[in-house]
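Visitor: Please take one part of this model, a single strand and its partners, and look at it closely. Please then connect that part with the other regions that can be described in similar detail.

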Amino acid sequence: MTPTDAYDTDVLVIGSGPAGGSAALLLASYGIRTLLVTKYGWLANTPRAHITNQRTMEVLRDLGVEAEAAAAGSPADVMGDTVLCTALAGEEIGRIRSWGTGPHAATEYGAHSPCGMIDLPQTYLEPILVKNAAARGAKIRFDTEFLSLEQDEDGVTARLRDRLRGDEFTVRARYLIGADGGRSSVAEQIGLPIAGASGKAGSMNITFTADLSPLVAHRPSVLYWVMRPGAHLGGIGMGLVRMVRPWKEWMLVWGYDINQPPPELDDAAAEDIVRDLIGDLDVPVEITSSSLWTVNHSYATTYSAGRVFCAGDAVHRHPPSNGLGSNTSIQDSYNLAWKLAMVIRGEAGPALLDTYTAERAPIGRQIVDRANLSRDQFAPIFQVLGLDEDSDEDSIVEGLAACRSESAEGSKRRQALEDAIQLKNYEFNAHGIEMNQRYVSSAVLQDAAPAEEWPRDPELFARPTTRPGAKLPHAWLVGPGGHRLSTLDVVGGGEFTVLTGMSGGTWESAAAACRDTLGIPLNCVRVGAEGTRDAYGEWRRTSEMAEDGCLLVRPDGHIAWRSPAAPDTDAAAHDELLGALKAVLRR
């Protein structure tokens, strides 16, 4: 391996958004020399991404920043009553209990994770990631613009510009991560193939302050969808008034015709749009920013070239529907960082890095397709109300009146409207999309156990399993001192974990021997021994294996391999575990 002093850093991260910030935090936590650069003078200046789902909270929990994120975010009890209306001060069309906050969904969500969902605007998320990355040793450079890169078999040389001084300089790194957004220069320079389509529709974000508590506090929600004339045009399905901070900081999303010249969006025009969607001309409003953007349906089919990797919006570009953007970006980095760390330390072969594309590209495509489908699934609501692109305010009133009619036709329309609204559960309660990610690659050793039939909708419902490729299921245990802890709390931390039961002592011996043979950090947890008890019996019901069975859990919490029961001898257990580790690590 090339000596460390031949490099300025081990990993150079371009971009400080959710993907870049989390990559820097993860790598620094794993002891890897990391330099993060961003061309901007500070972090996110608008709230953009905000929904933070349970899987991402589990990543933040592993990183030790879950409590900090929860303190900065809005809790679930102010997130959940998604409202559809003609204006905030106008008539309600319907409501949807969202983000697992309904009485039935809350039990589902609570059963599958130790973490809850929160609303954490990007302006609050990014400082948590970058501050903690710096505290753990990552170097952070603002006002530093990425210009170009050259790579060879030993590393990557990046040319950067200091935007304050104006001079250019180079940084030599073992690897580079391009987390530089939807117009990624890194992805373009390394020629990542991008499938799909860009510029599907035009949209605008308007941030503003206004005390709207009289209109919304009695029906707390993150999202208020507004049916106004022109709501069908561009945008993300309907007009949107989004809570940033209850109940005075807001972001409005409205569409425009992408086939026409972009609208002039000065403060006066922005205020007119805001007041129209609020529906109350007397509420004091202050516009704080406005910007135009386009709706995309595109994704990279390959996430890397040589020693350069891309993550986040650089490889999946889609509307904010389903709230998947920053979540998927952070989970990209969670997948990549441990692999880079182990390869850099010489604990894994470089071929392990090929599994990043194999595992994450299918997820990226899935969430791009899902977000765009959710945008399109507002159409049935328009259809039930009899609205089209020529509909005016009177048409909306007439459509709603037809749904309120006491006639047989009115009853039929009400049922159709309810069905159309319930379809939006695929956007606002897609628990399975968030939690059921399955990896297929050479870093996952599939077993021969037949797949069990699953009668529930895999997009709406989480399905816990210990099949290799799935993330470790959550189950509550009781730890030292009688304190409750999750199965997710005994894995991670940048290490592989052998997870077995009280009768799995043979695996503990095998893990110790493999740790010495391979020279890797390898934790072993025996549930039922050493103060970790399956006091509720949850793990026995969830584990899908005998008490002396074994799971090999990767640093990202996904299961790499399992043995449903212990072999007959200690030597056989050692050989099985060693073979699995060598195969996964490409040793």
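Guide: Strand β10 is joined to strand β17 (residues 308–310) by three bridges, and the two run parallel. Here helices (H or I, at least four residues) and strands (E, at least two) are DSSP runs numbered from the N terminus, and two strands pair if DSSP finds at least two bridges between them. The model is a predicted one, in which local features need pLDDT of at least 70 and side-chain atom pairs count only at pLDDT 80 or more, whereas totals for chains, interfaces and linings use all residues. Residues are numbered from 1 along each chain as its sequence is written, and side-chain values use heavy atoms, with hydrogens and water left out.

In the pairing of β10 with β17, Leu176 has Val308 of β17 as its bridge partner. Strand β1 (residues 9–14) also pairs with β10 in the parallel sense, over five bridges, and there Val11 is matched with Tyr175 of β10. Strand β9 (residues 156–162), by contrast, pairs with β10 in the antiparallel sense over six bridges; Leu160 has Phe169 of β10 as its bridge partner. β9 and β10 form a hairpin with five residues between the strands, and in this hairpin Gly166 takes a positive phi near 90°. Strand β10 (residues 168–178) is mostly covered, with eight of its 11 residues buried, where buried means under 20% relative accessible area, exposed means over 50%, and partly exposed lies in between (1.4 Å probe, protein chains only).

Another strand, β13 (residues 239–245), is likewise described as mostly covered: seven of its seven residues are buried. It belongs to an open sheet of eight strands with mixed pairing, in the order β5-β4-β12-β13-β14-β11-β15-β18. At the edges stand β5 (92–97) and β18, each with a single partner strand, so one side of each has no neighbour in the sheet. Within the sheet, β13 pairs with β14 (residues 249–256) in the antiparallel sense over five bridges, and these two strands form a hairpin with three residues between them. Leu240 stands opposite Val253 in β14, and Arg242 stands opposite Met251 in β14. Strand β12 (residues 223–226) is joined to β13 by four bridges and runs antiparallel to it; in that pairing, Leu223 stands opposite Arg242.

From edge strand β18 (316–317), the chain can be followed to Ser321, which is found in the loop between β18 and α9 (325–344). Ser321 counts as buried because its relative accessibility is 1%. Beyond its neighbours within four places in sequence, Ser321 is in contact (heavy atoms within 4.5 Å) with Ala371, Ser374, Arg375 and Glu427. A polar atom of the Ser321 side chain lies 3.5 Å from the backbone oxygen of Ala371.

Ser374 also appears in the surroundings of Tyr426, a residue of helix α14 (residues 425–428). Not counting residues up to four places away in sequence, Tyr426 touches Asn322, Arg370, Ser374, Gln377, Asp457, Glu459 and Leu460. The side chains of Tyr426 and Asp457 are joined by a polar contact of 2.4 Å; such a contact is a pair of N or O atoms within 3.5 Å, where within protein one must be able to donate a hydrogen and the other to accept it, and residues adjacent in sequence count only if both atoms are side-chain atoms. Tyr426 is partly exposed, with a relative accessible area of 21%.

Helix α9 leads to the nonpolar interior. A nonpolar core is a set of buried Ala, Val, Leu, Ile, Met, Phe, Trp, Tyr and Cys residues joined through side-chain atoms within 4.5 Å. The largest such core has 91 residues, among which Leu552 and Leu577 touch the most other members. The largest share of this core, 10 residues, comes from α9. A second, separate core of 61 residues includes Met79, Ile236, Val274 and Cys403.

Finally, helix α16 may be considered. The buried residues of α16 are Thr506, Trp507, Ala510, Ala511, Cys514 and Leu518. Seen down the helix axis, they fall within an arc of 135°, so they line one face of α16; the arc is that of the directions from the helix axis to the C-beta atoms. These buried residues pack against β21 (496–501), β22 (522–527), β23 (550–553), β24 (559–563) and α18 (570–585). After α16 comes Gly519, whose phi is positive, near 65°.
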